[in-house]
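New to this one? Have a look at the model below, and then let's walk through it together.

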Amino acid sequence: MNPLNHVAIIMDGNGRWGLRYKKSRNAGHKAGLSTVEKIIKETIKHKIKFLTLYAFSTENWRRPKKEINYLFSLLENFLLNKIDDLNNKKIKLKIIGLKNFSKKLNKLLNDSEKKTFKNSKLQINLALNYGSKSELINAFRNLKKSKKKINEKNFKKYLQTNEIPDPDLLIRTGNTKRLSNFLLWQLAYSEIFFEKKLWPDFNERDYNRVIKNYKQIKRNFGNI
Ligand code: IPE
Ligand code: IPE
Ligand code: MG
């Protein structure tokens with residue numbers, strides 16, 4: 001059975017779900033947040049140590065302002081209401097991506113990270129304003145500046161996922177088979193599951209089925 005230490009998820013399909021069942025994309029985002037809570041609980045049950053959630057990409061700024069504002073208001077309320085709960089559950093929150101939001105949101109994110117910094121039951125990496133290509137370019141730039149030898153080990157230190165093991169498993173919901181600029185380096189050897197269900201419909205049973213299937217895969221890493 002394969003060990004499972006890190007799950008990454010591209011939580012896709014909120015907008016379509018909202019339009020299909022509630023007549024607005026934003027309603028889908030709200031419903032998607034309930035799935036996030038369910039999956040966090042389930043991740044703890046499985047004793048998985050890292051959960052990386054793609055919440056907002058650098059490309060998502062192309063969306064209408066109304067939708068972007070709604071997404072960030074959901075995030076803000078979530079942190080304000082749930083950070084103590086996460087902290088009590090010994091969850092550590094880390095943001096990956098560029099934190100260049102409003103002063104108020106930047107502070108809330110920093111405070112949330114600080115508050116939970118010492119926790120070690122589960123680390124949640126929230127990818128926010130995250131784009132893998134810009135992460136890679138920055139890493140190259142900084143490695144070059146450091147004058148250190150250019151090799152994998154040194155390069156990895158300049159990624160935002162420094163100190164986080166690579167994902168064993170990537171799940172993308174929403175019936176779309178692409179990576180959308182997510183963790184291009186880190187996913188080099190991850191097992192990838194593309195799920196048909198839209199994120200708000202994805203549930204514990206679906207998650208458990210993926211995990212069960214993942215555990216039975218023969219992982220070669222180039223070997224035979
Ligand atoms: C959620 O799904 C992902 C976010 C950017 C928050 P989408 O909003 O992309 O939903 P679809 O793909 O349009 O259905
Ligand atoms: C990927 O979903 C980003 C997040 C889940 C945050 P998108 O819905 O933005 O991806 P594309 O644009 O369809 O590739
Ligand atoms: Mg989408």
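What follows is a short tour of two ligand sites and a few individual residues.

## Before we start

Keep in mind that this is a predicted model. The tour begins with ligand 1, moves on to ligand 2, and ends with some residues picked out one by one.

## Around ligand 1

Which residues come nearest to ligand 1? Of the 13 around it, they are D12, G15, R16, R25 and R63. Some of these can be pinned down to atoms. A polar atom in the side chain of D12 sits 2.8 Å from an oxygen of ligand 1, and R63 also brings in a polar side-chain atom, at 2.7 Å from a ligand 1 oxygen. With G15 it's the backbone that takes part: one of its N or O atoms is 2.9 Å from an oxygen atom of ligand 1. On its own, ligand 1 has 380 Å² of accessible area, and the protein covers 88% of that.

The space that ligand 1 takes up is the largest pocket. Helices α1 (14-21), α2 (25-45) and α3 (65-88) are the elements giving two or more residues to its shell. Of these, α1 provides the largest share, three residues. Sort the shell by character and you get three nonpolar, five polar and five charged residues.

## Around ligand 2

The shell of ligand 2 is made up of I10, M11, D12, Y54, A55, F56, N60, R63, R172, R178 and S180. Yes, D12 turns up again: an N or O atom of its side chain is 3.1 Å from an oxygen of ligand 2. R172 places a polar side-chain atom 3.3 Å from a ligand 2 oxygen, while for the side chain of S180 the distance from an N or O atom to an oxygen of ligand 2 is 2.6 Å. The protein buries 79% of the 390 Å² that ligand 2 would expose if taken alone.

Where does the shell of ligand 2 get the most residues from? Strand β2 (residues 50-57) gives the most, with three. By character, the shell has five nonpolar, two polar and four charged residues. As for the space that ligand 2 takes, it's the largest pocket.

## Two residues with an unusual backbone angle

Most residues other than glycine have a negative phi. Here are two that go the other way. K23 has a positive phi, near 70 degrees, without being a glycine. You'll find K23 in the loop between α1 and α2, and it counts as exposed because its relative accessibility is 77%, against a cut-off of over 50%.

The other one is S180, already met beside ligand 2. Its phi is positive too, at about 50 degrees, and it isn't a glycine either. S180 lies in the loop between β5 (169-172) and β6. At 31% relative accessibility, S180 counts as partly exposed.

## Buried E195 and exposed K41

Is E195 buried or exposed? Its relative accessibility is 9%, under the 20% limit, so E195 counts as buried. E195 belongs to the loop between β6 (191-194) and α7 (204-215), and its side chain makes a polar contact of 2.9 Å with the side chain of R209.

K41, in helix α2, has a relative accessibility of 54% and therefore counts as exposed. Try finding W17 as well: it is 24 residues from K41 along the chain, and their C-alpha atoms are 22 Å apart.

Methods. Residues numbered from 1 in each chain as written. Chains lettered and ligands numbered in written order. Predicted model: local features only at pLDDT ≥ 70, side-chain atom pairs only at ≥ 80, totals over all residues. Heavy atoms only, no water. Near = heavy atom within 4 Å. Polar contact = N/O pair within 3.5 Å; in protein donor to acceptor, adjacent residues only side chain to side chain. Areas by Shrake-Rupley, 256 points an atom, 1.4 Å probe, with all protein chains shown as cover. 1 Å grid on protein atoms, 1.4 Å probe; cavity = no way out; pocket = protein on both sides within 12 Å on 5 of 7 lines; lining within 4 Å. Sits in = over half its atoms within 2 Å of the grid points. Helix = DSSP H or I, 4+ residues; strand = E, 2+ residues; numbered from the N terminus. Nonpolar A, V, L, I, M, F, W, Y, C, P; charged D, E, K, R; others polar. Buried < 20%, exposed > 50% of the residue type's maximum accessible area, 1.4 Å probe, protein only.
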